[in-house]
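Reader: I would like a close look at one part of this chain, the region around the annotated active site. Please describe the surroundings as well.

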Amino acid sequence: MSNDTPEKIIIGVLALQGAFAEHQAILSRISLPSHPIASLLVRTAEDLAQCAALIIPGGESTTIASVAARTGMLQLLKDTCRDPSKPVWGTCAGCILLAKEATGLKKGGQELFGGMGVGVRRNGYGTQLESFEVMLDIPGLREPERPFAGVFIRAPIIEHVDPSAPSSSSIETEIVARVPPSCLPAELQQEAESGTTDYTVVAMRQGKKFVTTFHPELTKDERLHEFFIKRCVLELPAGK
């Protein structure tokens with residue numbers, strides 16, 4: 001008798017530091033027809049080898065990078081993030097780590113995993129006191145008429161977008177969400193309103209790579225996790 005049960009898609013969540021448990025909790029609620037989803041907390045090379053995709057959570061980007069170096073995972077994570085065939089999503093701190101370059105880093109700098117054609121400014125919105133929540137219109141989500149709560153906590157700002165990914169000029173870049181210029185620090189609002197900068201971009205897909213500068217894992221809304229699985233992991237067309 002043949003077994004027609006489809007194989008589970010294992011989504012790894014890097015669990016070196018940060019909000020990895022929150023990502024795993026959301027993944028546990030996702031049920032896609034014909035595509036059963038499982039999650040795995042990733043701390044070792046053996047863990048990562050079992051995963052079809054990787055999520056790098058919000059937290060402290062410098063700490064995540066230093067723990068990765070200390071545990072021997074740094075080069076493997078760089079290789080994974082820079083491989084165009086590997087689906088990877090970075091949220092907040094994960095966005096910084098996936099960036100091609102970053103400013104506003106702590107003294108001495110930090111290691112970046114790379115993989116996305118973006119330049120970011122660490123803590124671009126300011127300190128914890130400047131944290132905020134804003135409802136985002138994201139046309140690519142299920143039920144696009146229902147806004148998504150964007151939670152910004154010491155969030156990075158995307159300073160510029162390279163229309164081609166670092167690894168291939170043929171990889172599609174999709175701007176998934178923007179914030180109103182009024183959400184930006186006052187000194188950046190005028191530049192953003194002129195349309196000459198990328199400061200308002202807060203979610204972006206580049207091939208199988210995806211970044212959000214905010215924290216979807218701190219909401220009860222699983223639609224962005226679904227978006228990542230459908231568009232980056234399963235490579236389904238928009239709207240499917």
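Author: What follows starts at the annotated residues and then moves outwards to the strands, the aromatic rings and a helix. The model is a predicted one.

The UniProt record, an unreviewed entry, carries the annotation "active site" for Cys 92, His 215 and Glu 217. These residues span 126 positions in sequence, but no two of their C-alpha atoms are more than 10.3 Å apart, so they gather at one spot.

Cys 92 sits in the loop between strand S4 and helix H5, the latter being residues 93-98. With a relative accessible area of 4%, Cys 92 is buried, since the cut-off for that class is under 20%. Apart from neighbours within four places in sequence, Cys 92 contacts Gly 58, a run from Ile 153 through Arg 154 and Ala 155 to Pro 156, and another made of Thr 212, Thr 213, Phe 214 and His 215.

His 215 belongs to the loop between S12 and H7. Its relative accessibility is 6%, and His 215 therefore counts as buried too. With neighbours within four places again set aside, the contacts of His 215 are Gly 58, Gly 59, Cys 92, Val 151 and Ile 153. Gly 58 and Ile 153 thus appear among the contacts of Cys 92 and among those of His 215. The annotated Cys 92 and His 215 are also in contact with each other.

Next come the strands. S4, which precedes the loop of Cys 92, is joined to S3 by three bridges, and S3 and S4 run parallel. Within that pairing, Leu 54 has Val 88 in S4 as its bridge partner. S3 also has three bridges to strand S1 (residues 9-14), again in a parallel arrangement. There, Val 13 is opposite Ile 55 of S3. Strand S3, residues 53-56, is covered on both faces: Ala 53 and Ile 55 are buried on one side, and Leu 54 and Ile 56 are buried on the other.

The aromatic rings give a further link. In the whole structure, eight aromatic pairs are found. One of them joins Trp 89 and Phe 210, tilted, with 5.3 Å between the centres and 35° between the planes. Trp 89 is part of S4 (residues 88-91) and Phe 210 part of S12 (residues 209-212), so this pair links distant parts of the chain, 121 residues apart. Trp 89 is buried, at 0% relative accessible area, and the value for Phe 210, also buried, is 0%. Phe 210 forms another tilted pair with Phe 227, at 5.2 Å centre to centre and 45° between the planes. Because Phe 210 lies in strand S12 and Phe 227 in helix H7, that pair ties together parts 17 residues apart in sequence. Phe 227, at 3% relative accessibility, counts as buried.

A separate grouping of rings includes a contact of Cys 92, namely Phe 214. Phe 214 forms one aromatic cluster with Tyr 125, Phe 132, Phe 148 and Phe 152.

Helix H7, residues 223-233, remains. Eleven of its eleven residues are buried, so H7 is largely enclosed by the rest of the structure. The buried residues include charged-type names such as Arg 223, Glu 226, Lys 230 and Arg 231, as well as Leu 224, Phe 228 and Ile 229. After H7 comes Glu 235, which has a positive phi, near 55°.

Methods: Residues are numbered from 1 along each chain as its sequence is written. This is a predicted model: local features need pLDDT of at least 70, side-chain atom pairs count only at pLDDT 80 or more; totals for chains, interfaces and linings use all residues. Side-chain values use heavy atoms; hydrogens and water are left out. Buried means under 20% relative accessible area, exposed over 50%, partly exposed in between (1.4 Å probe, protein chains only). Helices (H or I, at least four residues) and strands (E, at least two) are DSSP runs, numbered from the N terminus. Rings of Phe, Tyr and Trp (its six-membered ring) pair if their centres lie within 6.5 Å; planes under 30 degrees apart count as stacked, over 60 as edge-to-face and the rest as tilted. UniProt positions are given in the numbering used here, feature names are shortened, and annotations may be inferred rather than shown by experiment. Contact means heavy atoms within 4.5 Å. Two strands pair if DSSP finds at least two bridges between them.
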